[in-house]
Amino acid sequence: MRTGGVRNPSYSSAMTTVSIPDVTRELIEQLEFHWTLHLRPKLDGLTDEEYLWEPVADCWNLRPRAEASAPAANYAGTHVADFAYPEPDPAPVTTIAWRLAHVIVGVFGARNAAHFAGPAIDYETHLYAPDAATALAQLDNAYELWITGVRSLGERLVSPVGPAEGPYADRQYITLVLHIHREVIHHGAEILLLRDLYRNR
């Protein structure tokens, strides 16, 4: 493994080159620190009622097929995620269940499948969790696949991500990793805020 590679023109010439292992370690620690010490412990004790709680009217949620506003015939499993295309403006408030599903499928899952040999996944065929325990198990599995994949990148960290990322195909994996970590951190904060609101309702 080479020792040089990632250059940042915003630093002085004495600090322009860092090693790929160093950058990989920083990327992993960025998410692991947040996940291990903040986000994941604060999801413990999530109840089914809280998981599906709708803090305002007209929330997007996960619903049994018979109650779904989305075209349920296109979905696998017992539950359907509310959605509309194009997305309404302003977008509806989403529940903890909906936001966890987004992280599981759209943030971790799609990238695990595209880049780290994870199982195929999409919003229509995913088996949405009807309860909190199942959702958290899905989340934990998706996280482990992702963080293991990031650890394995090595030289690929500065290679293009390829056609799986559409118009961003020429961007490096380092950019994708930063994006996914940003998504997890900000969606995690939204979920924990909903927990605060539920506790003080």
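**Close-up views of helix α4 and aromatic pairs**

**View 1. Surroundings of helix α4 in the predicted model.** The buried residues of α4 are covered by elements that include α1 (20-39), α2 (48-51), α3 (96-115) and α5 (173-199). Among these buried residues are Ala135, Leu139, Tyr143, Trp146 and Val150. Seen down the axis of α4, the buried residues fall within an arc of 155°, so they line one face of the helix. Helix α4 comprises 20 residues (132-151), which at 1.5 Å a residue should span 28 Å; the C-alpha atoms at its ends are 29 Å apart, in agreement with this value.

**View 2. Polar contacts of aspartate 131 and glutamine 138.** At the start of α4, a side-chain oxygen of aspartate 131 comes to within 3.3 Å of the backbone nitrogen of alanine 133. Glutamine 138 belongs to helix α4, and its side chain reaches the backbone oxygen of leucine 127 at 3.0 Å. Leaving aside residues up to four places away in sequence, glutamine 138 touches Ile104, His126, Leu127 and Ala129.

**View 3. Tryptophan 53 and tyrosine 198, an aromatic pair.** The whole structure holds seven aromatic pairs. In this edge-to-face pair, the centres are 5.3 Å apart and the planes are at 75°. Tryptophan 53 lies in the loop between α2 and β3 (62-64) and tyrosine 198 in helix α5, so the pair ties together parts 145 residues apart in sequence. Tyrosine 198 counts as buried because its relative accessibility is 9%, under the 20% limit. The charged end of arginine 201 sits over the ring of tyrosine 198, 3.8 Å from its centre.

Note on methods
Residues are numbered from 1 along each chain as its sequence is written. This is a predicted model: local features need pLDDT of at least 70, side-chain atom pairs count only at pLDDT 80 or more; totals for chains, interfaces and linings use all residues. Side-chain values use heavy atoms; hydrogens and water are left out. Helices (H or I, at least four residues) and strands (E, at least two) are DSSP runs, numbered from the N terminus. The expected span of a helix is 1.5 Å times one less than its number of residues. Buried means under 20% relative accessible area, exposed over 50%, partly exposed in between (1.4 Å probe, protein chains only). The arc is that of the directions from the helix axis to the C-beta atoms. Contact means heavy atoms within 4.5 Å. A polar contact is a pair of N or O atoms within 3.5 Å; within protein, one must be able to donate a hydrogen and the other to accept it, and residues adjacent in sequence count only if both atoms are side-chain atoms. Rings of Phe, Tyr and Trp (its six-membered ring) pair if their centres lie within 6.5 Å; planes under 30 degrees apart count as stacked, over 60 as edge-to-face and the rest as tilted. A charge sits over a ring if NZ of Lys or CZ of Arg is within 6 Å of the ring centre and within 35 degrees of the ring normal.
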